[in-house]
Amino acid sequence: MKTCVCVIVGFVLMCVSAVRVDVTTVSLDGLDSVCSNAYEIKEGNELHLVSKGMVPKSMCGVRLNVQRSQNCRGVCFNLRSSNFADCSARLVTTEIHFGEMVSDVIRAESCKESMEVPWCSSAHTLILDLIVDDTATNPKYNFSATVYPRCGDDVVYRPPSRLAMEEKTKMTLIHGIVVGICLCFAFLMLFFAAWCYYKNHPNRGYTMSTVSKA
Ligand SMILES: *[C@@H]1O[C@H](CO)[C@@H](O)[C@H](O)[C@H]1NC(C)=O
C-alpha cells in the first residue's frame with residue numbers, strides 16, 4: 001500500500017512541477033521600491049510589477065533579463081491594469097537588442113497612447129521606465145504589469161520569419177506529445193490506484209453491503 005501511495009504522490013508532484021508558474025510580485029512604490037534594480041526571469045517564472053502611484057522618484061527604471069533556453073527565446077509583456085488618466089505619468093518599455101540587426105522598440109502607455117498587450121519580442125532585455133511629471137502636485141496613476149519569457153507558442157507581435165514559424169510548429173508538436181503522454185499516464189495511474197485499492201481492501205464490497213443493510 002505504501003509503495004502505491006508513494007508512486008502516485010511522486011507522479012502528481014512531477015506533473016505539478018512541470019506546469020507550475022512561479023510569480024514574484026515587486027512594487028515600484030515606497031521604501032521597498034525596486035527602482036534601479038535588475039531582475040533575471042527564468043523559464044516558468046513571471047515577474048509582476050505594480051505601482052499605486054507612490055514611486056519615490058520622478059523617474060523609476062527597472063531592467064529585466066529573461067533567460068535563454070531551448071524552449072524560450074525572448075520576452076513577453078502584459079499590462080494587466082493601468083490608469084494614467086490624469087496625465088501625471090507615463091509607462092515606457094524599451095526592448096534592447098544586443099548585436100542583432102533588429103532595432104530597439106519603444107512602447108508607451110499614458111493618457112494619450114496605449115500599447116497593444118500582451119506583446120512579445122525576440123529581445124532578452126527589457127527596460128521598464130515609469131516617468132512621473134515633476135510638476136504634478138498630486139499625481140494619481142497606477143499599473144500592474146507582468147513580464148515573462150517567451151516560450152513555446154507564446155504570441156509574437158512582430159511578423160515571425162519562416163524559420164521561426166517552423167520552429168513554433170515543432171514546439172507545438174512536442175508540447176502536444178508531452179501533454180498526451182502526461183494524460184495517458186494520468187489514466188494509467190487512475191487504474192493503478194483503483195487496482196492498489198481493491199488489492200488492499202479485498203472485502204470492501206462485502207463490508208459496504210453489510211453496513212448499508214444494518
Ligand atoms: C487606479 O487609479 C484610479 C484613479 O485614481 C483608481 O480609481 C483606481 O482605484 C486605482 N486602482 C488601484 C488598483 O489602485
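1. The secondary structure of this chain, taken from a predicted model, comes to three helices and 10 strands. Followed along the sequence, these elements are arranged as α-β-β-β-β-β-β-β-β-β-β-α-α, and it may help to keep this pattern in view when reading the points below.

2. On burial and contacts, the chain has 214 residues, of which buried residues make up 17%. Among the contacts in the chain with a separation of 6 or more, 73% are accounted for by residues 24 or more positions apart.

3. The largest nonpolar core holds 28 residues, and the members that touch the most other members are Leu 49, Leu 64, Val 75, Phe 77, Leu 126 and Val 147. At least two residues of this core are supplied by each of strand 3 (45-51), strand 4 (59-66), strand 5 (72-83), strand 6 (89-96), strand 8 (119-121), strand 9 (125-132) and strand 10 (142-151). Strand 5 gives the most to this core, contributing five residues.

4. Leu 64 deserves a separate look: once its neighbours within four places in sequence are left aside, Leu 64 is in contact with Tyr 39, Ile 41, Leu 47, Val 75, Leu 126, Leu 128 and Val 147. Val 75, Leu 126 and Val 147, which are among these partners, also appear with Leu 64 in the list of core residues that touch the most other members.

5. Ser 27 has its place in strand 1, which covers residues 22-27. Why does Ser 27 count as partly exposed? The reason lies in its neighbour count: Ser 27 has 17 C-beta neighbours inside 10 Å, whereas a residue is called buried at 20 or more and exposed at 12 or fewer. Not counting residues up to four places away in sequence, Ser 27 touches Asp 32, Ser 33, Val 34, Val 50 and Ser 51. The C-alpha atoms of Ser 27 and Met 54 are separated by 9.7 Å, the two residues being 27 residues apart along the chain.

6. Which residues are found around the ligand? They are Lys 52, Asn 83, Lys 140 and Asn 142, and the shell they form divides into two polar and two charged residues, with no nonpolar residue.

7. For residues 173-198, an unreviewed UniProt entry gives the feature "transmembrane region", an assignment that comes from the record and that may be inferred rather than shown by experiment. In the model, the same span, residues 173-198, is 100% helix and 0% strand, and its end C-alpha atoms lie 38 Å apart.

Conventions
Residues numbered from 1 in each chain as written. Predicted model: local features only at pLDDT ≥ 70, side-chain atom pairs only at ≥ 80, totals over all residues. Near = placed C-beta within 6 Å. Nonpolar A, V, L, I, M, F, W, Y, C, P; charged D, E, K, R; others polar. Core = buried A, V, L, I, M, F, W, Y, C linked by C-beta atoms within 7 Å. Helix = DSSP H or I, 4+ residues; strand = E, 2+ residues; numbered from the N terminus. Contact = placed C-beta atoms within 7 Å.
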